[in-house]
Amino acid sequence: MPDTLTLLIEPLPADAPATDLDRTFREVDASAPALRVGELSTQRGDGIFETIGVVDGHPQEARPHLERLRNSARICELPEPNLPQWEAAILRAVASLPATGEFALKLVLSRGVEHGPAPTAWLHLAPAADFTAVRERGIRVVTLDRGYDRGTAERAPWLLLGAKTLSYAVNMAALREARRRGADDTIFVTSDGYVMEGPTSSVILRHGEVWSTPAPSGAILHGTTQLSLFEHLEASGRRTEYRDIPVDELRSADAAWLVSSVRLAAGITELDGRPMPYDAEETRELNAYLLGPRD
């Protein structure tokens with residue numbers, strides 16, 4: 001069976017009937033030309049996306065990812081996606097996969113081509129990178145100033161800080177800076193000293209028996225993996241909370257993780273060049289849960 005697949009999608013209006021959806025997908029060779037030169041996603045990063053982890057043929061948290069795609073579309077004033085159409089595209093894609101293995105499924109909705117047609121959309125499915133070592137041994141992290149304070153998103157909603165957009169140049173630059181500093185990843189902090197998120201991940205801390213993550217706001221993308229983990233922790237009787245977290249509390253945590261859809265839970269072993277407590281047993285338990293089927 002093939003382990004990569006690309007579908008071009010003809011986006012339907014959000015209220016279109018969910019009938020004969022298969023006709024709105026077209027499979028293309030991922031190495032062949034598929035986008036026009038005037039495509040605004042490539043020219044301006046003007047679009048949104050989601051990446052869904054697929055484990056042993058099961059797309060993890062597909063519906064929460066689609067709901068976040070819809071929320072990003074609203075923030076960016078893009079046409080609202082037809083969720084049944086995207087669900088059908090996901091099911092068609094994963095049906096082509098082997099029964100075992102980890103994959104990354106990327107959904108993209110773009111404003112389209114300048115002066116039309118618009119919007120454009122596609123799905124790409126490929127094998128995930130091997131994150132076994134990262135999950136088992138953890139990561140070194142640095143904090144980087146994101147350049148704005150906690151109230152920026154409310155004062156300037158046009159910055160689209162709560163949307164998962166294709167404009168990832170800053171995020172990738174932050175990862176390069178982390179590597180220049182001898183680290184694997186970074187955590188963004190506000191200019192007034194509060195924890196935000198990683199360039200491609202959410203932050204979770206544990207102090208004693210209390211698990212916390214930065215309070216949802218217009219400046220932080222609410223992570224689907226973090227939400228799922230908190231549901232799991234609460235179901236097992238552990239206490240979770242959303243709150244503003246000063247950077248000093250990140251440094252004093254009993255354990256901390258960056259969590260995301262494909263890498264899953266990576267324990268932080270070093271922060272800004274200083275060792276962090278690393279809970280290997282807890283990390284194994286978190287990843288065992290995340291590798292199970294989740295809807």
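**A first note on this predicted model**

1. Let us start at one spot in the chain: L160 is found in the loop between α5 (152-155) and α6 (169-180). Helix and strand names follow DSSP runs, numbered from the N terminus (helices: H or I, at least four residues; strands: E, at least two). The phi of L160 is near 60°, a positive value in a residue other than glycine. L160 counts as partly exposed because its relative accessible area is 29%; the classes used here are buried for under 20%, exposed for over 50% and partly exposed in between, with a 1.4 Å probe and protein chains only.

2. A word on the ground rules will help. This is a predicted model, in which local features need pLDDT of at least 70 and side-chain atom pairs count only at pLDDT 80 or more, while totals for chains, interfaces and linings use all residues. Residues are numbered from 1 along each chain as its sequence is written, and side-chain values use heavy atoms, with hydrogens and water left out.

3. Now for the overall picture. The protein comprises nine helices and 14 strands, and its C-alpha trace spans about 55 × 45 × 35 Å along the principal axes. For 295 residues, a compact globule would have a radius of gyration near 19 Å, and the protein agrees with its 19 Å. That radius is taken over C-alpha atoms, and the globule rule is 2.2 Å times the number of residues to the power 0.38.

4. Of the 295 residues, 51% count as buried. Contacts (heavy atoms within 4.5 Å) often reach across the sequence: among those between residues at least 6 apart, 70% join residues at least 24 apart. The protein exposes about 13,600 Å², and carbon and sulfur atoms supply 51% of that area. Accessible areas come from the Shrake-Rupley method with a 1.4 Å probe, and for residues only the protein chains shown count as cover.

5. On charge, there are 31 positive and 43 negative side chains, with the centres of the two sets 4 Å apart. Lys and Arg count as positive and Asp and Glu as negative, leaving out His and the chain ends; each charge is placed at NZ of Lys, CZ of Arg, CG of Asp or CD of Glu.

6. The interior deserves a good look. A nonpolar core here is a set of buried Ala, Val, Leu, Ile, Met, Phe, Trp, Tyr and Cys residues joined through side-chain atoms within 4.5 Å. The largest one has 30 residues, and those with the most contacts inside it are W86, I90, L105, L107, L123 and L125. Two or more residues of this core come from each of β1 (5-9), β3 (47-55), α2 (62-76), α3 (83-94), β5 (102-110) and β6 (120-127). Helix α3 gives the most, with six residues. Apart from this core lies another, of 15 residues, among them V195, I245, L250 and A253.

7. Two residues are handy for exploring this region. Beyond its neighbours within four places in sequence, L125 is in contact with residues including L5, V54, A93, L97, F103 and L105. L97 itself is found in the loop between α3 and β5, and it counts as buried because its relative accessibility is 5%. In strand β6, A121 is also classed as buried, at 3% relative accessibility. Leaving out residues up to four places away, A121 touches L7, L8, I9, P11, W86, V108 and L109.

8. Some backbone details are worth checking. Most residues other than glycine have a negative phi, and most peptide bonds are trans. A cis peptide bond joins G116 and P117, with omega about 0°; the bond from A118 to P119 is cis as well, with omega near -10°. P117 lies in the loop between β5 and β6, and P119 is placed in the loop between β5 and β6 too. E77, which is not a glycine, has a positive phi of about 60°. E77 sits in the loop between α2 and α3 and is exposed, with a relative accessible area of 68%.

9. Finally, try A14, in the loop between β1 and β2 (25-28). A14 is partly exposed at 34% relative accessibility and touches E80, P81 and N82, not counting residues up to four places away in sequence. How far apart in space are A14 and L271? The pair is 44 Å apart, C-alpha to C-alpha, and 257 residues apart in sequence.
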